[in-house]
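Please look over the model shown below. The report that follows takes up one helix and one strand with its partners.

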Amino acid sequence: MSPGQLRAALRLYVVLGSPNCAGRDPVQVLAAALDGGVTMVQFREKGPGALQGAARRALGGELRRLCDQRGVPFIVNDDVGLALELGADGVHIGQEDEAAVQVRRRTSGLIVGVSAHNQAEAESALAAGADYLGVGPMYATRTKLDAREVQGPAGLARMRAAGIRAPLVGIGGIDAGNAAAVLAAGADGAAVVSAIAAARDPRAAAAELSRATAAVLGAL
Ligand SMILES: Cc1ncsc1CCOP(=O)(O)O
Ligand SMILES: C=C1C=NC(C)=NC1=N
């Protein structure tokens with residue numbers, strides 16, 4: 001996937017696992033989100049009630065198949081072995097996870113995304129081979145219990161002003177009402193968990209967010 005294709009794919013990036021789906025079947029929630037126009041998917045099975053072992057792998061396989069059917073890139077959070085086992089299109093790792101350079105070595109050809117909270121983390125992740133950065137939290141979030149301090153879209157704008165040209169997504173508390181500010185700050189896309197996965201109508205929520213991103217980035 002070229003950097004340009006990756007930028008386009010990052011536009012509306014749903015991140016989800018079973019704990020985020022308000023008790024509904026994550027497969028149904030993802031199918032609805034895909035119908036609503038999400039452009040990239042991350043399987044992030046984390047937090048209270050997260051599946052483990054065979055159940056986790058089975059759910060990952062179902063979501064992988066759904067993304068394959070829709071031609072949407074499928075990324076696995078943190079777990080490089082699971083990403084390889086599921087034939088994922090990429091991995092997303094945090095600062096505390098296996099260093100991007102090791103991941104790069106183990107996953108030749110896969111997309112490697114890295115979380116970055118400041119300029120130093122952004123530069124080191126890119127130097128280690130990251131293909132895109134996840135920057136946040138943009139706004140207050142209750143989804144990631146150990147999120148770093150809220151930095152707002154200004155934090156992302158500072159990275160652009162400091163010369164970071166790589167593909168970036170903002171994440172953390174993003175919904176249809178505040179997504180435009182994240183894109184206006186220079187993000188290539190918005191990464192969203194609860195505004196889609198916990199929405200009463202995930203398809204409608206994804207469609208509304210898709211319109212909000214198109215308003216800034218231009219129609220698809
Ligand atoms: C995974 C992650 N990383 C920074 S905030 C966050 C969770 C974002 O969840 P939500 O979109 O529900 O605020
Ligand atoms: C922590 C994260 C930051 N950014 C993205 C895109 N995914 C994550 N899991």
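## Just past helix 10

Start at Gly-218, just after helix 10, where phi is positive, at about 95°. The model is predicted, so this value is computed from predicted atoms.

## Helix 10 and its cover

Step back into the helix itself. Helix 10 covers residues 202-217, 16 residues in total. From first C-alpha to last, helix 10 reaches 22 Å. That is close to the 22 Å expected at 1.5 Å a residue.

Which residues of helix 10 are buried? They are Pro-202, Ala-205, Ala-206, Ala-207, Leu-209, Ser-210, Ala-212 and Thr-213. Several elements help to cover these buried residues. Among them are strand 1 (12-16) and strand 8 (189-192). Helix 2 (26-35), helix 8 (179-184) and helix 9 (194-197) are also included.

## Strand 4: two faces

Now turn to strand 4, residues 90-93. Gly-90 and His-92 point one way. Val-91 and Ile-93 point the other way. All four residues named here are buried. In a regular strand, side chains alternate between the two faces of the sheet.

## Strand 4: its partners

Strand 3 (residues 74-77) runs parallel to strand 4, and 3 bridges join them. Asn-77 has His-92 of strand 4 as its bridge partner. Between these strands the chain passes through helix 4 (residues 80-86), making a right-handed β-α-β crossover.

Strand 4 also pairs with strand 5 (residues 111-116). This pairing is parallel too, over 4 bridges. Here Val-91 stands opposite Val-112 of strand 5.

Terms used
Residues numbered from 1 in each chain as written. Chains lettered and ligands numbered in written order. Predicted model: local features only at pLDDT ≥ 70, side-chain atom pairs only at ≥ 80, totals over all residues. Heavy atoms only, no water. Helix = DSSP H or I, 4+ residues; strand = E, 2+ residues; numbered from the N terminus. Expected span 1.5 Å × (residues − 1). Buried < 20%, exposed > 50% of the residue type's maximum accessible area, 1.4 Å probe, protein only. Contact = heavy atoms within 4.5 Å. Pairing = 2+ DSSP bridges. Right-handed = clockwise from strand over helix to strand, strands pointing away.
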